[in-house]
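Good morning. I will go through one structure today, and I will start with a question once it is on the screen.

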Amino acid sequence: MTQSTQTTEAVAPTHMRAPVPVQTRSERFTSTDVSEFPAVTGREPMWKYTPVARIQELTTGDLDGSPYVYDVTSAKGVSTLWVGREDSRIGRAGTPEDRASANAWTAFEQALLVSISADLSGDHREVTVSRSGLGSAPRAAHTVVEVAEGATATLILQNTGAAHLTENVEFLLGKDADLTVVSLQEWDDDALHVAAHFARLAEGARLKHVAITLGGGVVRLNPSAHLAGARSDAELLGAYFADATQHLEQQVYVYHDGPETRSRVTYKGALQGEGARTVWIGDVLIGPKAVGTDTYEQNRNLVLTDGARADSVPNLEIETGDIVGAGHASATGRFDDEQLFYLQSRGIPEEEARRLVVRGFLAEIVQQIGSPALQERLQAKIEAELETTSVTAASTEAAH
C-alpha cells in the first residue's frame with residue numbers, strides 16, 4: 001500500500017525539487033514511500049534537534065519488516081493477529097511525514113492488529129502488549145489498534161530490552177469509544193527507537209495517550225491526534241527522564257478538525273548528567289471547521305545538573321475565530337528554591353528534598369494513567385533513576 005499527499009504546487013519527486021516553505025503543519029508533505037523523501041541531513045525543521053547520525057540506519061538503511069515475538073495479556077473482547085499490508089484499516093489514521101516513518105511503512109511485511117470490541121458488561125478492561133529483545137539489527141514495525149463504537153479499554157504498550165526500531169502505530173477510535181493507551185519506553189541504554197503514533201477520533205470518541213520514556217539511547221516518539229468527529233476529546237500526556245548522553249524527543253501534533261472538540265497536552269521531563277538532552281515540540285492546529293474548540297498545551301522541564309539541555313517549542317495555529325479557548329505554555333528551569341526551603345525546614349536533608357521534588361514533579365503525569373499497579377512500578381523506576389546520580393542544583397535557569 002502506497003499513499004502520498006502533497007499540497008504544494010511541486011510535482012516532481014521530492015529529492016529533485018527545491019524546498020518549498022511550509023506555512024501550516026497540515027501542509028507538510030506526506031507519503032508511505034520512503035523513496036519520495038530526501039536524505040535526512042539534520043537541517044530540516046523536523047530533524048534539526050535530532051542526532052540524525054545516531055539513527056541513520058533507521059532513516060536510510062534496509063530494515064527487517066518481518067513479524068516479531070510479542071506477549072499479550074488476555075482480556076474479554078480484545079484480540080491480536082497479524083494482517084497483510086492490503087488490510088483496509090492500514091493507513092486510515094495517518095500517513096508518514098518524515099523519512100524514518102516512511103522507511104518503516106515501506107519495509108513492514110505484516111501489521112499487528114489489536115481489536116477492541118464493545119463490552120456491554122461495563123467491566124474495565126486492561127490489556128498489555130509487551131516486546132523485548134528485538135535485537136540490534138535495524139527493524140521496522142506497524143501496529144493498528146481498532147476500538148469499536150462505544151468500547152472502553154486501557155492498552156499498555158510495553159517496550160524493554162534491545163532494539164534498533166522505527167515504527168508506525170495507528171489508533172482508530174469509533175464513535176463514543178474511550179481508549180487509554182500507555183506507551184512505555186524502558187529500553188536498554190543503547191537502544192534506538194523512532195516511532196510515529198497516529199490517532200483518528202470519530203464523533204464523541206475520547207483518547208488518553210500517555211507516553212512514558214525512561215530508557216533508550218535515542219528515543220523519538222511523535223504522537224499525533226486527528227479530532228475528526230464532533231465533540232471528540234484527546235488528552236496527550238508524557239513523562240520522561242533523561243540521563244547522561246540520552247536523547248529523548250517528542251513532537252506532538254493535535255489537529256482539531258471537527259466542531260466542539262477538546263484537547264489537553266501536558267508533558268513533563270527531568271534531565272540529569274552530562275549530555276542529557278530532551279526535545280519537546282507541540283503543534284496544535286485548529287482547522288476552519290473546528291468551531292467551539294477548547295485546547296491547551298504545556299511542557300515543563302526540570303534541569304537537575306549542569307551539562308543537560310532541554311528544548312521546548314510550543315506552536316499554535318488557528319484558522320477559525322469561533323473557539324472556546326486556546327493557549328500554550330512552556331518552562332524549563334532548575335529546582336524551586338521555596339519548595340526546597342520548605343522541605344529542609346521540616347528536617348528533610350537537601351538531597352532527599354531534591355528527590356522528593358522530582359518525584360512529585362513527574363507524579364502528576366504518572367498518576368493519571370489509571371492503573372495503580374503500573375503507577376507504583378513507574379514511581380519505583382523513577383526513584384531508581386534518581387538514585388543513579390546525585391541530584392544537585394543546575395547552575396543555570398534554563399538550557400536552550
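Are Tyr267 and Trp280 buried or exposed? Both of them are buried. Before I say what they do with each other, one caution: this is a predicted model, and everything I quote is computed from it.

First, the overall make-up. The protein chain has five helices and 20 strands. It is 400 residues long, and 57% of those residues count as buried. If we take contacts between residues at least 6 apart in sequence, 85% of them join residues at least 24 apart.

Now back to the opening pair. Tyr267 belongs to strand 16, residues 262-271, and Trp280 to strand 17, residues 277-286, so their pairing ties together parts that are 13 residues apart in sequence. The geometry is tilted, with 6.4 Å from centre to centre and 45° between the planes.

How many aromatic pairs does a search of the whole structure find? The count is six. Another of interest is Tyr253 with Tyr255: the ring centres are 6.4 Å apart and the planes meet at 5°, so this pair is stacked. Tyr253 is buried, at 9% relative accessible area. Elsewhere, Tyr68, Tyr70 and Trp82 are linked into a cluster through ring pairs. As a reminder, a pair of aromatic rings is described by the distance of the centres and the angle of the planes.

Rings also take part in another arrangement here, with arginine. Arg85 lies over the face of Phe108, 4.3 Å from the ring centre. Arg220 does likewise with Trp47, at 3.8 Å from the ring centre.

Arg220 leads on to Thr50, since Thr50 touches Ile55, Arg220, His247 and Glu249, leaving out residues up to four places away in sequence. Thr50 is located in the loop between strand 2 (30-31) and helix 1 (56-59). Is this loop residue Thr50 buried or exposed? Its relative accessible area is 7%, so it is buried. With Glu249 there is also a side-chain polar contact, of 2.8 Å.

Next, the sheet. Nine strands make up an open sheet, in the order 3-6-8-10-12-14-16-18-20, and the pairing is mixed. The edges are strand 3 (71-72) and strand 20 (325-333); each has a single partner strand, so one side of each has no neighbour in the sheet. Further in, strand 10 (residues 178-187) and strand 12 (residues 206-215) run parallel and are joined by nine bridges. One particular bridge sets Asp178 against Arg206 in strand 12.

On strand 20, I would point to Thr332. Its relative accessibility is 12%, so it counts as buried. Its side chain makes a polar contact of 3.3 Å with the side chain of Asn301. Thr332 also lies 9.3 Å from Gly269, C-alpha to C-alpha, with their positions 63 residues apart in sequence.

Then the nonpolar packing. In soluble globular proteins, nonpolar side chains tend to be buried together. Here, which residues have the most contacts inside the largest nonpolar core? They are Ile116, Leu155, Phe171, Leu173 and Leu179, in a core of 55 residues. Apart from that core lies another of 22 residues, including Ile156, Ile212, Leu302 and Leu374. Taking Phe171 as an example, and leaving aside neighbours within four places in sequence, its contacts include Ala93, Val145, Leu155, Leu157, Leu179 and Val181. The list for Phe171 also contains His197, Arg200 and His209.

Last, two backbone items for anyone checking torsions. Most residues other than glycine have a negative phi. Arg231 has a positive phi of about 60°, although it is not a glycine. Its place is the loop between strand 13 (218-227) and strand 14 (233-242), and at 45% relative accessibility Arg231 counts as partly exposed. Glu260 also has a positive phi, near 55°. That residue is in the loop between strand 15 (247-256) and strand 16. At 48% relative accessibility, Glu260 counts as partly exposed.

That is what I have; I will take questions now.

Definitions and conventions: Residues numbered from 1 in each chain as written. Predicted model: local features only at pLDDT ≥ 70, side-chain atom pairs only at ≥ 80, totals over all residues. Heavy atoms only, no water. Pairing = 2+ DSSP bridges. Helix = DSSP H or I, 4+ residues; strand = E, 2+ residues; numbered from the N terminus. Buried < 20%, exposed > 50% of the residue type's maximum accessible area, 1.4 Å probe, protein only. Polar contact = N/O pair within 3.5 Å; in protein donor to acceptor, adjacent residues only side chain to side chain. Contact = heavy atoms within 4.5 Å. Phe/Tyr/Trp six-rings, centres within 6.5 Å; stacked < 30°, edge-to-face > 60°. Lys NZ or Arg CZ within 6 Å of the ring centre and 35° of its normal. Core = buried A, V, L, I, M, F, W, Y, C linked by side-chain atoms within 4.5 Å.
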